[in-house]
Each structure stands twice: as structure tokens, then as C-alpha cells.
Amino acid sequence: MKNINETANFAAYFIASPAALSTPHLYISALATWLHDSNLTQRWKKFFPSIPSIVGKERLAMSQVNILQTSEVESVALSPDGKCIVSGSWDKFVRVLDASSGAQLKELNGHIYVVTSVAFSPDGKCIVSGSYDQSVRVWDTSTGAQLQQLSGHTSWVTSVAISPDGKYIVSGSYDQSVRVWDTSTGAQLQQLNGHTSWVTSVAFSLDGKCIVSGSHDMSVRVWNISIGAQLLSLYGHTQAVTSVAFSPNGKCTVSCSHDKSVRVWNTSTGAQLLELYGHNGAVTSVALSLDGKCIVSGSYDQSVRVWDTSTGVQLLELNGHTHCVTSVAFSPDGKYIVSGSYDKSVRMWNASTSAQLSGSDAHIGQVKSVAFSPDGKYLASGSDDKYIRLWNVSNSAQLHKIDGHTDSVICVTFSPDGKCIASGSEDKSVRVWDVSNGVQLWKLNGHTNWITSVVFSQDGKYIVSGSRDNSVRVWDASSGAPLQVLNGHTHWVTSVGFSPDGKCIVSGSWDNSIRVWDAFSAALLQQLNGHTHWVTSVAFSSDGKCIVSGSHDRSVRVWNASSGTQLQQLNGHTGWVNSVAVSPDGNYIVSGSNDKSVMVWDASSGAQLQQLNGHIDWVTSVAFSPVGNYIASGSYDNSLRVWSILTYPKLQHLNQNIKSIAFSSEGKYIVSGLRNDSINFQDAKGYTVWKCMDNGWIVLHGTTQQLMWVPTFAQKALYHPLNILIISPYPSYYLNLSSCTFGEKWAQCYNPHVI
């Protein structure tokens with residue numbers, strides 16, 4: 001039975017993947033991404049020794065039961081005894097399924113439009129459903145007969161729930177109302193008005209006295225059911241609220257939103273207790289375990305995640321769905337999770353045995369800034385999660401988690417002696433920290449808006465900061481005393497830097513200009529104009545003769561620091577350039593962009609040398625190590641990556657007319673067969689030989705030649721060529737291409753003689 005279940009799971013997984021829409025020589029790549037320790041995998045490995053493998057601590061989480069449906073699934077629920085699953089879908093049907101086998105027990109027909117929400121009564125004898133046909137319906141679970149049709153809503157019904165005693169039904173609708181009904185008679189008892197947009201979710205408290213509702217108006221509201229009065233309005237979400245739930249003891253309310261967050265609230269005071277980030281897409285559904293210890297959430301990012309209710313720590317990530325997850329629920333005993341998805345499947349997961357997330361020390365918010373220590377041994381990072389973290393570059397161990405800022409940390413930098421870290425935040429403060437123990441030494445107040453950039457002078461005596469208050473400020477690093485305020489920019493200052501001799505300060509701004517200032521007199525020395533959009537990053541070269549800048553105009557530019565003349569314009573990024581840095585020897589420039597790439601350039605010629613791919617969201621910060629052999633990058637994908645760049649050979653584009661390619665056993669060389677029957681042999685060392693596209697296809701760099709497909713779960717922290725370290729909340733994976741064969745000669749991958 002186990003093998004049959006796994007085979008069915010793999011078949012559903014393959015059919016829903018892009019690999020199934022490709023050609024035969026790419027079909028087999030789906031095998032490489034399946035469970036590494038499964039019976040199916042062990043069998044195919046014997047017969048396909050020449051296909052690639054994905055190596056990692058974790059693999060695709062296989063659902064206990066995978067039930068294929070005929071249409072997109074909008075809602076799922078488990079019966080009180082855990083034996084049955086009910087689902088509502090776009091094909092207008094409500095289905096009752098056996099939770100252990102996935103067999104369909106009943107098909108309830110009556111709705112004339114999409115079924116958006118389903119729920120079991122506390123005794124399991126009834127099912128309630130809501131639909132875009134504006135009705136709420138009650139069904140007999142055993143016979144499938146319709147018992148009630150509750151009419152009154154004037155627009156789509158989006159959510160339904162039954163009170164713990166089974167006497168009442170609550171529904172929410174696009175007509176902006178919450179309505180309470182008598183289960184036995186179908187009579188409407190209450191109409192709760194207050195939301196100013198569509199109501200998306202409703203739920204009862206365990207004692208049945210309160211109702212919670214969520215809405216597109218970005219609010220969560222708590223109501224007293226007996227009198228129909230609104231008790232609380234909870235605000236904090238920045239986009240539509242999609243799902244709400246009460247904790248079993250009623251003390252907490254949980255909500256999720258299109259803003260990608262899950263939030264926990266104090267039901268009595270309305271205070272926000274926790275803000276949980278990790279999903280990379282809108283969060284569509286939340287539920288609590290019966291003991292209240294865990295929260296489960298589903299998202300547009302195709303994942304199901306489990307969180308600790310008390311701490312907000314992410315415990316599990318369940319991957320396998322190939323489209324948006326629309327609905328999640330716990331079994332009554334908390335051992336299982338059921339999920340529904342637009343991939344037309346209902347899945348049952350064993351929550352108690354799933355592997356825990358490996359990157360628990362990583363940032364749970366977007367990484368805004370990275371910096372190397374002067375000796376290159378450590379890496380500092382700042383994030384939207386309000387923390388500064390200090391990492392050991394050699395083993396990725398977290399040395400300090402520095403807490404103090406009350407809002408997102410936008411910038412971090414080391415002092416020249418490596419003993420201090422300075423940071424800037426959306427809380428409008430610059431802070432200085434002791435590296436050895438993480439203790440705050442100074443808090444520099446004066447800016448009236450977010451701090452966007454902070455750096456030390458080369459002698460460590462001064463700190464300069466830039467802010468969205470349009471000013472540049474100079475501080476005494478030993479005392480924290482303010483020394484200078486440089487005014488002149490007419491929009492936000494986004495980046496600042498000291499010249500190596502400490503005599504000049506450079507600043508970039510959303511006023512499209514770069515300005516050079518005298519560090520001691522605050523006099524404006526130069527204004528460099530040329531960028532056609534906001535300047536986001538500036539840096540001096542190591543000799544102080546050049547200034548490098550990046551901009552939302554997608555260009556990197558090099559300027560003569562003394563004359564202000566533009567020397568180079570480096571084009572190649574297809575998105576905004578967010579960060580630039582210059583190598584210690586001045587020979588190379590690195591840039592990070594909204595196009596998710598890191599690019600390395602020749603500073604003298606402007607030639608693009610490397611394009612480093614791997615991040616799955618905007619690259620926000622880049623930095624060279626002190627020796628220049630490593631590059632660090634931070635991203636909105638919550639990760640930091642370190643790249644080993646020992647040499648910078650010019651990018652080579654592989655021939656587009658490749659029929660078949662193979663990698664040598666150690667992966668250092670590529671041999672390719674071309675359509676003209678010639679053979680091409682080249683050294684792969686030092687090149688970004690392949691990259692992973694947004695759609696999951698691994699392609700040879702500079703070509704459209706597809707090698708294999710990898711699923712979303714593996715893309716999040718996949719080691720790419722030249723990438724030596726990833727610090728991420730997601731499990732990391734390596735692509736092993738040694739002794740692999742690709743292309744039209746795919747049949748050579750099969751070896752029927754293996755015993």
C-alpha cells in the first residue's frame with residue numbers, strides 16, 4: 001500500500017510539474033527531485049545512473065494521502081473523529097472523502113457556483129457549505145441530502161462556520177456583512193455590519209459567545225453573538241485579511257493576509273502579540289491545533305507551514321502542492337494536517353513526523369544589508385525582522401543575534417578595527433554595538449526619518465549616516481556626539497560613504513544626484529548628475545579616485561571623484577540596481593539588483609565578467625570581503641549568500657546548437673555534441689555554468705538549453721556555481737551534475753543491465 005501511495009503521489013507531482021510539458025529527455029529530471037530515501041528513488045537510481053541528483057538534508061515532503069480532484073479546491077475540513085475530509089471546489093460540488101484512503105464517499109450536488117467554504121458540525125452529522133451562488137447550505141453527512149438552504153446574502157458567500165454546540169451558523173460575504181443563522185430552522189438571527197469591504201473569513205470562539213471576522217478592509221473584528229455588538233477592531237495588516245481563527249481558550253485570535261504575514265492578537269485587549277513572516281506569497285488560510293500550541297498556514301507560495309503559537313518560531317514547512325494552497329486544517333488530535341490547493345488536490349500530511357526546518361537561526365524577514373568584518377571571518381546582516389545577526393563565514397554559525405532596534409534594520413557596517421558594528425533602522429536611530437558581546441554602546445538620535453545608510457571613516461573616528469529626512473549627518477564614533485549636518489539633497493538620501501583619506505563624504509539620493517562633501521567643513525564640493533532615476537548606492541574606490549553608483553535607472557556608473565566626470569556606464573541589469581561595492585584592489589565592481597542577480601564588472605573596461613544567480617527575490621545589498629576573494633549578498637528572499645570569486649574570467653556563452661552534453665565525473669569539465677556533429681570540450685571551473693530560471697528550469701548559462709527542472713522548494717536555497725555559503729530559513733540543496741548526460745541522447749542515461 002505504501003508503494004502504491006508513493007507512486008500515486010509521484011504521478012500527481014510529475015503531471016503538475018513543467019517537466020511533464022517538456023520533451024522525453026527532460027521527463028526523467030523529475031525523478032531527481034523526489035524523495036531520496038524512498039523505494040521508488042532507490043529503484044530508478046539503479047537504472048538511470050547518468051541523471052543528476054539533488055543533495056540536501058530534506059526532500060519533498062510526501063503527503064500521507066494525495067487526493068486528486070477534478071477542479072481547483074477552495075476549502076477543506078476534517079470531521080470531528082478525523083475519519084473524513086470534506087472539500088469544496090470550483091466545480092460546484094461538496095465532496096466527502098475517506099481520510100485514510102482518499103476514496104470519495106459522497107458527492108453533494110446543489111450549489112450552482114464555486115463552493116468557497118465547508119465545515120463539519122461538532123457531532124459530524126452535518127456539513128455546512130458556502131458558495132459564490134450567495135447561499136449557505138446544510139447537508140446530511142451520512143446521506144448527502146440537503147437539509148437547509150439559507151438565503152439572504154446579496155453577494156458571494158466566502159466563509160462559513162458552525163458554533164461548538166451546533167445551534168448556530170455564521171457566514172461572511174462580499175456584501176460586507178456577517179450573518180448568524182439558526183441551524184435547525186435556517187432563520188437569520190443576526191446581521192453584523194461594520195466591515196467596509198468584503199468579509200473573507202469567519203469563526204466561532206470555543207465557548208460560542210464570540211465571532212471573529214476578517215475582511216478586505218484589512219481589519220479583524222470580534223463580535224458578541226448574543227447582542228450582535230462589535231467588541232474589537234484589530235488593525236495591523238497592510239493588505240486584505242484572508243482568514244481568521246480563535247485559539248481554543250479564546251484568549252488569542254489568529255489572522256493571515258495578502259501581506260504575507262500571520263498575526264496573533266490578544267482577544268481581550270486587541271494588542272498584537274506576534275507577527276509571523278516566512279511565506280513568500282499571500283497567506284490564504286490559518287487554523288490552530290486543538291491544544292492551541294501550533295498554527296498552520298497555507299499560501300500562494302504553494303507551501304503549508306506550522307508555527308509555534310507562543311514564540312512564533314516556524315516549526316515545519318510542507319512542500320508538494322504545485323499551485324496556491326487555499327485551505328488548511330488540523331485533525332482533532334493534532335497529528336495530521338489537511339490542505340487544499342488550486343493544483344486540484346487535497347493532501348493529508350503527518351505533522352508529527354515531518355522534518356523540522358533546518359534554518360531556524362536565519363532571518364525571518366527580508367535581508368536589507370550585509371557587511372564583512374575587516375578580517376573577513378565574520379558577516380553581519382540586518383533585516384526586516386529588526387535583528388542584526390553576526391555569522392561565522394567558515395561554518396555559517398550564528399554568533400550573535402542583536403536585539404534593540406524597534407523597526408526594520410536597513411544598514412549595517414563594521415568599524416575598521418572590527419570591534420564595533422554600526423546600524424541604521426526605520427526606527428530613525430543609528431546604533432553602535434560591541435561585536436564581542438552584542439551590547440549596545442551608543443544610540444545616535446537626530447534623524448527624523450528612516451536611516452538608510454551608515455559607514456565608519458577609515459580611521460574609525462567618525463560615523464556618517466544618510467536618512468529619508470534628506471540629510472547626511474556626521475557623528476563622533478567614540479562618544480556618539482553629533483558633529484555635522486549636511487543639507488542640500490531635495491529627496492531621501494539613500495547611501496553614504498567616506499573617502500579612504502577621510503576628507504570627503506559621498507552621498508546618493510532619490511533626487512537623482514550624487515554629492516561630494518568636505519567632511520570637516522560640510523561644504524559641497526561636487527554634484528554629479530547623469531542618472532535618470534533615483535540613486536540607490538554609492539561607494540569610493542580604494543584609492544579614492546573614483547566613485548561608483550547604482551540607480552533605479554538600472555545602470556552602474558563610474559565617476560572621477562575630483563572632476564565629477566562620468567568614466568563608465570555599466571548596463572546589463574534588467575531591474576533597479578540596489579547596491580554597489582568596489583573590490584579592495586579597485587579592479588572590480590559588484591552590483592545587486594531587483595532582477596535577483598549579482599553582477600561582477602571590470603572596473604577599468606566596464607565589461608561584465610560574471611552574473612551570479614541564485615536569489616529568488618530582489619538583491620538588496622552586496623559587499624566584498626577584505627581580500628576581495630568573496631562577495632556577500634543579501635536579499636528580500638530572507639537569505640544571505642557568499643560567493644567565491646578567485647578569478648574573474650570573461651563570461652563564455654555556450655553554443656546554442658547543442659544536441660547533448662555531459663559533465664565529467666568531478667564536474668569540472670563539460671563535453672557537448674553539436675548539431676554539426678562536432679564535439680566541444682571546455683573547462684567549467686570559474687564559470688557560472690548554469691542557472692535556475694524563475695520557472696524552475698536549470699539552463700546552461702548564455703543558452704536556452706534546459707538541463708532539468710527543480711521544484712519551488714529546492715529553488716529557495718539552491719547552491720549555484722561559485723556559491724559557497726547560504727544562510728536561509730529554508731533547507732539548502734546542491735545540484736550534483738558529475739557524470740551526468742543531457743540532451744537528445746537521453747536514452748543513454750538508461751542502463752537496463754544493472755542488477
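Which residues does serine 457 touch, not counting residues up to four places away in sequence? In this predicted model, the answer is Pro416, Tyr462 and Phe498. Serine 457 itself is found in the loop that runs between strand E38 (451–456) and strand E39 (462–467). Although a loop residue, serine 457 has a relative accessible area of 1%, and because buried means under 20% relative accessible area, serine 457 is counted as buried. Its side chain also takes part in polar interactions: there is a polar contact of 2.6 Å with the side chain of aspartate 459, and a polar atom of the serine 457 side chain lies 3.3 Å from the backbone nitrogen of lysine 461.

A second residue with a side-chain polar contact is aspartate 140, which belongs to strand E9 (residues 136–140). The side chain of aspartate 140 makes a polar contact of 2.6 Å with the side chain of serine 142. When residues up to four places away in sequence are set aside, aspartate 140 touches Lys125, Ala145 and Leu147. Aspartate 140 can also be placed relative to valine 128, for the two are twelve residues apart in sequence, while their C-alpha atoms are 9.2 Å apart in space.

The loop that leads into E9 holds a residue whose backbone deserves a look. Most residues other than glycine have a negative phi. Glutamine 134, in the loop between strand E8 (126–131) and E9, has a phi near 75°, which is a positive value in a residue other than glycine. Glutamine 302 also has a positive phi, near 80°, and its place is in the loop between strand E24 (294–299) and strand E25 (304–308). As for accessibility, glutamine 134 is partly exposed with a relative accessible area of 31%, and glutamine 302 counts as partly exposed at 21%.

We can turn now to the aromatic rings, of which a search of the whole structure finds twelve pairs. One of these pairs is formed by tryptophan 90 and tyrosine 342, which meet edge-to-face, with 6.1 Å from centre to centre and 85° between the planes. This pair links distant parts of the chain, 252 residues apart, since tryptophan 90 is in the loop between strand E4 (84–89) and strand E5 (94–98), and tyrosine 342 is in the loop between strand E28 (336–341) and strand E29 (345–350). Tryptophan 90 counts as partly exposed, at 38% relative accessibility. Another pair, tyrosine 719 and tyrosine 734, is stacked, with 4.3 Å from centre to centre and 5° between the planes. Here the partners are 15 residues apart: tyrosine 719 is in the loop between helix H4 (712–715) and strand E63 (723–727), and tyrosine 734 is in strand E64 (residues 733–736). Tyrosine 719 is buried, with a relative accessible area of 9%, whereas tyrosine 734 counts as partly exposed at 43%.

Strand E64 shows how the setting of tyrosine 734 fits into the strand as a whole. In a regular strand the side chains alternate between the two faces of the sheet. In E64, Tyr733 and Leu735 make up the covered face, while Tyr734 and Asn736 make up the uncovered one. E64 pairs with strand E1 (residues 53–56) in the antiparallel sense over four bridges, and in this pairing valine 55 stands opposite tyrosine 734.

Aromatic rings appear in other settings as well. Tyr113, Tyr132, Trp156, Tyr174 and Trp198 form one aromatic cluster. In two further places a charged end sits over a ring: that of lysine 401 is 4.3 Å from the centre of the ring of tyrosine 387, and that of arginine 468 is 3.7 Å from the centre of the ring of tryptophan 492.

The last stop is a sheet. Strands of a sheet pair through backbone hydrogen bonds, either parallel or antiparallel. Here four strands, in the order E50-E51-E52-E53, form an open sheet with antiparallel pairing. Strand E50 (577–582) and strand E53 (608–612) stand at the edges, and because each has a single partner strand, one side of each is left without a neighbour in the sheet. From one strand to the next, the twist averages 20°. Strand E52 (residues 598–602) pairs with E53 in the antiparallel sense over four bridges, and valine 598 stands opposite leucine 612 in E53.

Key:
Residues numbered from 1 in each chain as written. Predicted model: local features only at pLDDT ≥ 70, side-chain atom pairs only at ≥ 80, totals over all residues. Heavy atoms only, no water. Helix = DSSP H or I, 4+ residues; strand = E, 2+ residues; numbered from the N terminus. Buried < 20%, exposed > 50% of the residue type's maximum accessible area, 1.4 Å probe, protein only. Polar contact = N/O pair within 3.5 Å; in protein donor to acceptor, adjacent residues only side chain to side chain. Contact = heavy atoms within 4.5 Å. Phe/Tyr/Trp six-rings, centres within 6.5 Å; stacked < 30°, edge-to-face > 60°. Lys NZ or Arg CZ within 6 Å of the ring centre and 35° of its normal. Pairing = 2+ DSSP bridges. Axes fitted to C-alpha atoms, helices over the stretch in contact; angles between N-to-C directions.
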